[in-house]
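I opened the file and kept these notes as I went. The entries follow the order in which I looked things up.

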Amino acid sequence: MFGVDIRLHLAFFLLPMFIYWTEYSAHHYANGSRDLALAGIILACVAAHECGHMLAARRFGLIPKAVILLPLTGVALYDEPRGEKPQPTLLWKREIRLALIGPLVNLALAGLAALVIMSTNRGVELWKTPFLQPANLPRSLVWANLYLAILNLMPAYPLDGGRIQRAVFARKVDLSTATRRAVSISTAIAMVLIFAGPFSDLWLTMVGVVIFFAAQLEERALVFQSVLDNVRLEEVMLTDFATLSPADTLEDALEKAVHSLQDDFPVVRGSDMVGVISRQRILDALRAEGNGYVQAVMNKIFEVSMRQESLSSAFRKLTARNSSIIPVVEDQRLVGIVTLQNLMHSMALLAESRKLRRDEVES
Ligand SMILES: [Zn+2]
């Protein structure tokens, strides 16, 4: 939507099940479609909340990339404009403003919904408990927004309150230490809520579970980001790889592709890189036009990288060209290749090894 990926976290499916189950255990009866409608209302309120963050982020010059919707909150991912790193002092003020927008959107929606309900329908008793109830959807709309505003202001990272807390920490320590500190506090809060739920209100357990998932998501994103920024291409590039020649026929190329694990091939004439081609492209061309030469169907426009470039720069080049291979060159000589397939594998491995190393340092 508007260039932003909207993703639904698997945990979202917990919500309708949870509503159905609490309704059923309260009255030995549950209305599936109304329960689903309540879950839909909550999703819409979360989406409106995240829209608020996105629009504000755009105003601050950030590039919204993706939103992951969880049952009671969302995680928004941004890119800094053209990969710049802003001043840390500017960062914490911006973070606080950016965080406050979401809850403000929910407060405004709650107010608006209450006004509309009071001016049109006198039958809806806004102050009657339970506030969130599938049997009374208009009242639930008002209260869902109020609850979302309050919930998201809790100091449990990555909820907005937790982001504000992290921004305050980040004035004294670096961002990853601040994030880790905020995540620990958040995990503690989540645990308390999860265990307090059965003794008071099961919604607390639900909230705890969501905070726990969201904190995990953020922490993983952070580890991935540090891998992207700190790992050089020479650490992950493939140095043992097959190449094709522009004079190869497509059938020969396919034959070579069969004997290699690669999905993508650099095309080399002598010691010159002249193009790139994927296994899929070879197959498509063979199907469409029969046998021909690699020369005619290879991609002649491609990006190259240096050994010392970071993974994030390689990812940017891959996505910008919508390509899946980058040749790594040194003095115009091909020394390795980095493919999307190989990046995905090594990213997961590197993230894991970094986490292990960090746990070692901490214990
Ligand atoms: Zn928010």
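At what angle do H1 and helix H7 pack, and how far apart are their axes? I note first that this is a predicted model. For H1 and H7 (residues 202–230) I read an angle of about 170°, with the axes 11 Å apart. Angles over 145° count as roughly antiparallel, so I enter H1 and H7 as roughly antiparallel to each other. Their crossing is right-handed.

I then listed the residues that meet between these two helices. H1 supplies Leu14, Leu15, Phe18, Ile19, Trp21 and Thr22. H7 supplies Leu202, Trp203, Met206, Val209 and Phe213.

**Entry: H1 and H2**

I turned to the packing of H1 (residues 14–27) with H2, where the angle is about 130° and the axes lie 9 Å apart. That makes H1 oblique to H2. H1 passes H2 in a right-handed crossing. On the H1 side I find Leu15, Pro16, Ile19, Tyr20 and Glu23 in the contact. On the H2 side I find Gly32, Asp35, Leu36, Leu38, Ala39 and Ile42. Leu15 and Ile19 of H1 appear in the contact with H2 and also in the one with H7.

**Entry: the zinc ion**

Which protein atoms are the donors of the zinc ion? I list NE2 of His49, NE2 of His53 and two OD entries for Asp160, lying 1.9 to 2.4 Å from the ion. Along the chain these donors follow the spacing H-x3-H-x106-D. Histidine 49 sits in helix H2 (residues 32–59) and aspartate 160 in helix H5 (residues 160–169), so I record a pair that links distant parts of the chain, 111 residues apart.

Why do I enter the arrangement as irregular? The four donor atoms subtend angles of 57 to 149° around the zinc ion. Four donors count as tetrahedral only if all angles lie between 85 and 135°, and this range therefore runs outside that window. For reference, the ideal angle for four tetrahedral donors is 109.5°.

**Entry: burial at the site and in H5**

Are histidine 49 and aspartate 160 buried or exposed? The cut-off for buried is under 20% relative accessible area. Histidine 49 has 2% and is buried. Aspartate 160, at 4%, also counts as buried.

I checked the rest of H5 as well. Eight of its ten residues are buried, so I note H5 as largely enclosed by the rest of the structure. The buried residues are Asp160, Gly161, Gly162, Arg163, Gln165, Arg166, Ala167 and Phe169.

Technical notes: Residues are numbered from 1 along each chain as its sequence is written. This is a predicted model: local features need pLDDT of at least 70, side-chain atom pairs count only at pLDDT 80 or more; totals for chains, interfaces and linings use all residues. Side-chain values use heavy atoms; hydrogens and water are left out. Donors are N, O and S atoms within 2.8 Å of the metal (3.2 Å for Na, K and Ca); water is not among the atoms, so sites may look incomplete. Four donors count as tetrahedral if all angles lie between 85 and 135 degrees; four count as square planar and six as octahedral if opposite donors are over 155 degrees apart and all others between 65 and 115; anything else is irregular. Helices (H or I, at least four residues) and strands (E, at least two) are DSSP runs, numbered from the N terminus. Buried means under 20% relative accessible area, exposed over 50%, partly exposed in between (1.4 Å probe, protein chains only). Axes are lines fitted to C-alpha atoms, for helices over the stretch in contact, and angles run from 0 to 180 degrees between N-to-C directions. Angles under 35 degrees count as roughly parallel, over 145 as roughly antiparallel, 65 to 115 as roughly perpendicular and the rest as oblique. A crossing is left-handed if the near helix is turned anticlockwise from the far one by less than a right angle, and right-handed if clockwise. Contact means heavy atoms within 4.5 Å.
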